[in-house]
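Hi,

Here's the structure I said I'd pass on. Have a look at it first, and then read my notes below.

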Amino acid sequence: MNSELLWVLILLLIAIVLFTTNKLRMDVVALLVIIAFVLSGTLTLQEATAGFSDPNVILIAALFVIGEGLVRTGVAYQVGDWLVKVAGSSETKMLALLMFTVAGLGAFMSSTGVVAIFIPVVLSVAVRMKISPGRLMMPLSFAGLISGMMTLVATPPNMVVNSELVREGLVGFSFFGVTPIGLIILLMGVGYMLIARRWLGKSSGAKNAKSAWQRRTFRDLIRDYKLAGRARRLAVRSGSPLIGRSLDELHLRARYGANVIGIERWKRFRRVMISAFGSTELREGDVLLIDMSDCEIDLRQFCSEQLLEPMILRGEYFSEQARNVGMAEVSLIPDSALLGKCVRDAAFRSRYDLNVIGIRRNGKTLEGKLVDEPLILGDILLVIGDWKAIRQLQAKTHDFIVLNLPAEVDEVAPAITQAPHALFCLALMVAMMLTDEIPNPIAALIACLLMGRFRCINTESAYKAIHWPSIILIVGMMPFAQALQKTGGVDLIVQGLMDIAGDAGPRIMLVCLFVLCASIGLFISNTATAVLMAPIAIAAAHKMGVSPYPFAMIIAIAASAAFMTPVSSPVNTLVLGPGNYKFGDFVRIGVPFTLLVMIVSVVVVPWLYEF
């Protein structure tokens with residue numbers, strides 16, 4: 001072993017220790033690696049920084065933007081709504097559908113992002129089914145990891161391995177090259193979790209797990225402000241005196257205690273939610289979402305006089321409309337111009353496009369009609385209306401401050417009307433990648449630009465969507481592969497593998513590579529693991545005189561098989577709290593499943609990619 005190789009191995013060990021201890025951020029460690037290689041003379045500046053020009057880095061960044069477009073247009077959340085509707089009250093059906101859905105979405109967007117989206121869905125389902133969230137959270141994280149085995153672009157390790165093949169002058173994997181293996185592992189994962197869930201939690205404690213994780217929700221605000229029973233959904237019938245008149249003209253709140261919160265209206269063959277501004281004119285067929293704050297009003301008489309037809313309202317006080325109708329708690333500041341004014345004079349709807357539906361004073365909720373209630377310092381107002389108006393309210397700090405936004409704000413899709421365009425961009429990107437006529441990074445960039453053109457995503461959210469620490473981590477770890485090859489480290493590791501399994505055949509070598517890759521993945525990220533292991537696997541194949549494709553594929557699969565600890569992948573870390581898991585839970589459930597994945601991979605991969 002020469003001195004240069006010893007220095008590279010020491011630097012690698014230091015990086016692994018820093019990754020494991022979390023003393024420094026991973027992206028900072030990666031940048032320090034680049035600096036150390038250049039200053040020590042191990043690599044030239046061009047070699048150490050070559051990762052910044054790697055096409056796969058551009059592709060990974062573009063895929064972050066594509067995933068954000070699916071979130072902002074509500075596609076991901078609508079899939080979650082469909083899941084809850086189809087699964088009903090069956091835990092078995094929910095678990096299976098959850099894993100299939102998350103794996104499907106994760107094939108085209110960040111698995112971490114998909115899991116983050118589905119955590120509140122799983123929590124709400126667990127409360128409804130009266131089961132522990134832990135029975136569904138680990139299946140959620142495992143499905144997120146398996147999604148990396150569904151397509152070439154599903155996870156960075158796949159693209160890193162593919163890039164190494166291309167760098168060696170070989171043809172890379174096809175877009176769905178990994179899919180058959182991924183589908184087999186997904187089916188095995190669903191079956192495994194249906195058995196293993198019995199060790200993941202019991203029905204008791206579901207309520208405590210929810211309260212420990214979730215912040216206040218719509219339902220909490222409905223309870224605290226005593227809004228239950230006040231919501232109505234009324235359709236405007238033909239001939240109604242409301243047609244053609246604005247809400248300011250009608251004075252429905254003063255006359256009937258009826259506060260119009262939102263309006264459902266047909267547009268382009270589908271019903272959409274529009275904001276209820278004072279200047280909004282009502283039309284025939286509109287469905288009004290109304291807060292009836294005056295319990296003494298006869299609803300039948302009100303509907304008869306105004307020719308309104310009661311409609312079915314699902315959920316408590318518009319909680320089912322939380323994607324379109326938002327709530328927020330607001331507190332007046334000492335110098336507010338609204339102090340001493342009543343709600344009517346404050347003209348919240350006219351000035352801020354929001355309605356005041358509740359007031360808490362000295363810890364108690366005021367009941368009855370609030371329009372003539374003078375506001376005093378210390379009052380907390382509950383306002384309701386369009387989420388965009390609530391966001392704008394946060395910037396108006398001269399009269400009040402926004403104290404609390406409910407948890408549902410995380411589910412708001414600001415570009416929900418552009419969902420069809422987002423799906424078109426995704427389908428176009430996949431189609432371009434399948435043709436092999438357009439390079440994958442270019443196909444992803446075209447999809448990003450189209451999403452911007454269709455207003456699925458704006459420039460600010462696009463740049464925020466890119467997880468820059470992950471990008472820098474990949475760029476910073478690439479020099480290790482170059483340094484190991486340059487100093488003879490790859491040859492040394494390959495020779496060690498040959499001494500252990502060289503005479504036992506290529507399948508045993510696949511087992512050794514899988515175990516080595518999975519073991520390294522316990523200490524550093526799966527992307528960094530793939531960067532290190534891909535050149536070793538390909539060199540081992542050349543040394544044995546067999547095809548490098550099964551060896552490269554086993555690295556891609558092993559890098560995604562980060563099931564064994566809660567810190568081996570961000571996906572596992574995300575569900576650690578909501579699932580109320582301990583470190584040992586992942587070891588107990590993850591290690592056997594990792595062994596199953598290894599056995600299946602070693603058997604199936606050579607069938608798809610012959611030696």
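What follows is a quick tour of the cavities, one helix and one strand with its partners.

First, a caution: this is a predicted model, so please read everything below in that light.

Let's start with the empty space inside. Rolling a probe the size of a water molecule over the atoms shows where empty space is left. Here the count comes to 2 cavities of 30 Å³ or more. The largest cavity holds about 70 Å³ of space. It has 13 lining residues, and the closest to its centre are Ala518, Gly521, Ala558, Ala561 and Ala562. Three helices each give at least two residues to that lining: H24 (506-520), H25 (526-544) and H26 (549-560). Sorted by class, the lining of the largest cavity comes out as 9 nonpolar and 4 polar residues, with no charged ones.

Ala518 is worth finding on your screen. It sits in helix H24. Is Ala518 buried or exposed? Its relative accessibility is 10%, and buried means under 20%, so Ala518 counts as buried. You can also look from there to Ser560: Ala518 and Ser560 are 42 residues apart in sequence, with 8.7 Å between their C-alpha atoms.

The second largest cavity has about 50 Å³ of space. Its lining is made up of Thr151, Leu152, Asn158, Phe173, Ser174, Val178, Met553 and Ala556. By class that gives 5 nonpolar and 3 polar residues, and again no charged ones.

Next, helix H28, which covers residues 583-608. Its 26 residues reach 36 Å from the first C-alpha to the last, close to the 38 Å expected at 1.5 Å a residue. If you follow H28 along, you'll come to a kink of about 30° at Gly590, shortly before the proline Pro592.

Last, strand E7 (residues 354-361). How many of its 8 residues are buried? The count is 7, so the strand is mostly covered. E7 pairs with strand E9 (residues 380-386) in the antiparallel sense, over 6 bridges, and Leu354 stands opposite Gly385 in E9. E7 also runs antiparallel to strand E8 (residues 364-365), joined to it by 2 bridges. There, Arg360 has Thr365 in E8 as its bridge partner. The hairpin of E7 and E8 has 2 residues between the strands, and Asn362 takes a positive phi near 55° in it.

While you're looking at E7, keep in mind that in a regular strand the side chains alternate between the two faces of the sheet.

That's the lot from me. Shout if anything is unclear.

Cheers

Key: Residues are numbered from 1 along each chain as its sequence is written. This is a predicted model: local features need pLDDT of at least 70, side-chain atom pairs count only at pLDDT 80 or more; totals for chains, interfaces and linings use all residues. Side-chain values use heavy atoms; hydrogens and water are left out. On a 1 Å grid over the protein atoms alone, a cavity is a set of points where a 1.4 Å probe fits but cannot get out, and a pocket is an open set with protein on both sides within 12 Å along at least five of seven lines; lining residues have an atom within 4 Å of a point. Grid points are joined across faces, edges and corners, and a volume is the space filled by probe spheres set on the points. Helices (H or I, at least four residues) and strands (E, at least two) are DSSP runs, numbered from the N terminus. Ala, Val, Leu, Ile, Met, Phe, Trp, Tyr, Cys and Pro count as nonpolar, Asp, Glu, Lys and Arg as charged, and the others, Gly among them, as polar. The expected span of a helix is 1.5 Å times one less than its number of residues. The bend at a residue is the angle between axes fitted to the seven residues ending there and the seven starting there. Buried means under 20% relative accessible area, exposed over 50%, partly exposed in between (1.4 Å probe, protein chains only). Two strands pair if DSSP finds at least two bridges between them.
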